[in-house]
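Please prepare a set of worked exercises on the structure shown below. Each should pose a task and then solve it step by step.

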Amino acid sequence: MNQLLRKSLSIIVPAYDAAAFIEPCLRSILAQLEPQHALVVIDDGSRDATGEIAEHLQHEFAHARFTIVRQPNHGVATARNQGLAAADGEYVLFVDADDLLEPGALLALDRAIATHRPDVVACDYNTWRQRKKKHKCKRMMLGYPPNALLHDQEAILCSFFAGRQNYVWANVFRREIYERVRQPVFPPGRVFEDVAVVARLLAECASLFHLSRPIIDYRQHPSSLKCQVSSKWCVDFVWALRQIRDSFVALPVSDAVRMHIDVAACHFYVGIVKTSYQLPWREGRVVRAQVRQLFLDSLFNHPLAVLAAMERGTVISRDHEFDLTAASQARKALSGSVAFGIMKSASRRWKMWQQRLAAAT
């Protein structure tokens with residue numbers, strides 16, 4: 001039997017009210033599907049034509065291994081868990097219903113798997129931002145050595161946390177890796193469900209191959225989760241950081257890995273605090289108090305020690321100047337600086353106005 005045919009891959013697409021996006025997403029996958037691949041669409045109780053579009057394509061591509069699972073709406077985490085239950089491939093690739101699979105991605109993954117047999121293939125991706133008359137695409141490169149096979153788990157984890165790319169669809173894990181961690185894998189009822197999970201899965205991996213080519217076009221648009229800021233959005237993100245700490249506290253990882261976890265948490269904390277200024281003032285104050293305590297509870301080290309490590313440059317970093325800025329902003333946010341709050345509130349409102357203007361022109 002051909003070497004590639006022995007290495008099966010399940011592609012899972014969780015979908016909810018994705019009628020505006022799902023057809024190009026599924027066509028980008030189906031155009032590449034070979035007999036060693038299987039596509040599983042989880043229709044998470046969609047109220048629009050998502051399921052019907054998927055069924056139409058299922059009939060059009062009748063030769064493909066293409067399964068549609070319909071369930072009541074329980075959220076993306078439950079849909080991902082259902083997809084894992086339905087998957088039978090040796091490896092699992094998640095694709096969000098509003099994203100695209102890059103041409104040639106499955107062949108590149110097949111070759112990486114056949115050649116290296118890693119526990120995970122970590123992949124670069126493109127970010128794609130929608131505008132009214134045009135779109136902007138940017139390649140995002142992961143921090144691992146390009147096209148290299150890594151066996152040093154500490155190097156894998158430190159590089160991962162330094163890069164802060166927590167997207168499950170950028171990591172093609174062996175299905176066995178998902179089976180090793182606490183079930184259900186993705187925490188139901190939470191957004192940013194992959195933030196809490198990807199790091200834990202990587203901790204189970206003895207080998208990682210960095211496929212240094214984009215496999216996903218990550219399409220960001222006004223209805224994307226990242227654009228739907230709410231109190232729950234902010235709290236769930238920092239809750240995921242706390243879950244990372246809880247899952248790593250019992251693992252035999254080094255102090256260096258734990259410091260990198262804390263530095264990543266600091267960067268995310270600053271981002272969430274700044275984003276919270278999009279909320280109404282009173283609601284934002286309540287959220288920032290919750291977020292602050294969750295952030296402090298998520299750290300292995302004292303916050304001042306984490307900020308000092310960022311300032312001294314004693315951790316792996318892709319941008320030391322950015323670390324310095326984040327450390328300075330974290331100090332101000334933790335101290336409750338009024339001037340910092342006023343500045344960020346004004347900055348966020350200016351950016352939101354610019355975004356609305358750009359969308360209208």
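The exercises that follow concern a predicted model.

**Exercise 1. Cysteines**

Determine how many disulfides the structure holds, and examine Cys25 and Cys158 in turn.

Solution.
- Step 1. A disulfide requires a pair of cysteine sulfur atoms within 2.5 Å.
- Step 2. For Cys25, the nearest cysteine sulfur belongs to Cys137 and is 16 Å away. Cys25 is therefore in no disulfide.
- Step 3. For Cys158, the closest cysteine sulfur is that of Cys205, at 15 Å, which is too far for a bond.
- Step 4. The total for the structure is zero disulfides.
- Step 5. Both residues can also be placed by accessibility, where buried means under 20% relative accessible area. Cys25, at 0%, is buried, and Cys158, at 4%, is buried.

**Exercise 2. Helix α9**

Compare the span expected of helix α9 with the distance between its end C-alpha atoms, and state how far the helix is enclosed.

Solution.
- Step 1. Helix α9 covers residues 255-276, which is 22 residues.
- Step 2. The expected span is 1.5 Å times one less than the number of residues, which gives 32 Å for α9.
- Step 3. The end C-alpha atoms of α9 are 31 Å apart, in agreement with the expected span.
- Step 4. Of the 22 residues of α9, 18 are buried, so the rest of the structure largely encloses this helix.

**Exercise 3. Helix α5 and its packing against α9**

Describe the surroundings of helix α5 and the geometry of its crossing with α9.

Solution.
- Step 1. Helix α5 spans residues 153-163. Eight of its 11 residues are buried, so α5 is largely enclosed by the rest of the structure.
- Step 2. The buried residues are Ile156, Leu157, Cys158, Ser159, Phe160, Phe161, Ala162 and Gly163. They pack against β8, α7, β10, α8 and α9.
- Step 3. The axes of α5 and α9 come within 8 Å and cross at roughly 15°. Angles under 35 degrees count as roughly parallel, and α5 and α9 are therefore roughly parallel to each other.
- Step 4. The crossing of α5 past α9 is left-handed. On the α5 side, the contact is made by Glu154, Leu157, Cys158 and Phe161; on the α9 side, by Ala256, Val257, His260, Ile261 and Ala264.

**Exercise 4. Helices α7 and α8**

Classify the crossing of α7 and α8 by angle and by hand, and list the residues that make the contact.

Solution.
- Step 1. Helix α7 (residues 195-202) and helix α8 (residues 231-248) have axes that come within 8 Å and cross at roughly 25°.
- Step 2. This angle makes α7 roughly parallel to α8.
- Step 3. The crossing of α7 past α8 is right-handed.
- Step 4. From α7, the contact involves Val195, Ala196, Ala199 and Arg200; from α8, it involves Phe237, Ala240, Leu241, Gln243, Ile244, Ser247 and Phe248.

**Exercise 5. Locating two residues**

Place Pro252 and Gln82 in the structure, and decide for each whether it is buried, partly exposed or exposed.

Solution.
- Step 1. Pro252 is in the loop between α8 and α9. Its relative accessibility is 81%, so Pro252 counts as exposed.
- Step 2. Pro252 and Arg139 are 113 residues apart along the chain, and their C-alpha atoms are separated by 34 Å.
- Step 3. Gln82 lies in helix α3, residues 76-86. Its relative accessibility is 31%, so Gln82 counts as partly exposed.
- Step 4. Leaving aside residues up to four places away in sequence, Gln82 touches Ile42, Val69 and Gln71.
- Step 5. Gln82 is 221 residues from Pro303 in sequence, and the two are 38 Å apart in space, C-alpha to C-alpha.

How values were computed:
Residues numbered from 1 in each chain as written. Predicted model: local features only at pLDDT ≥ 70, side-chain atom pairs only at ≥ 80, totals over all residues. Heavy atoms only, no water. Buried < 20%, exposed > 50% of the residue type's maximum accessible area, 1.4 Å probe, protein only. Helix = DSSP H or I, 4+ residues; strand = E, 2+ residues; numbered from the N terminus. Axes fitted to C-alpha atoms, helices over the stretch in contact; angles between N-to-C directions. Parallel < 35°, antiparallel > 145°, perpendicular 65-115°, else oblique. Left-handed = near helix turned anticlockwise from the far one by under 90°. Contact = heavy atoms within 4.5 Å.
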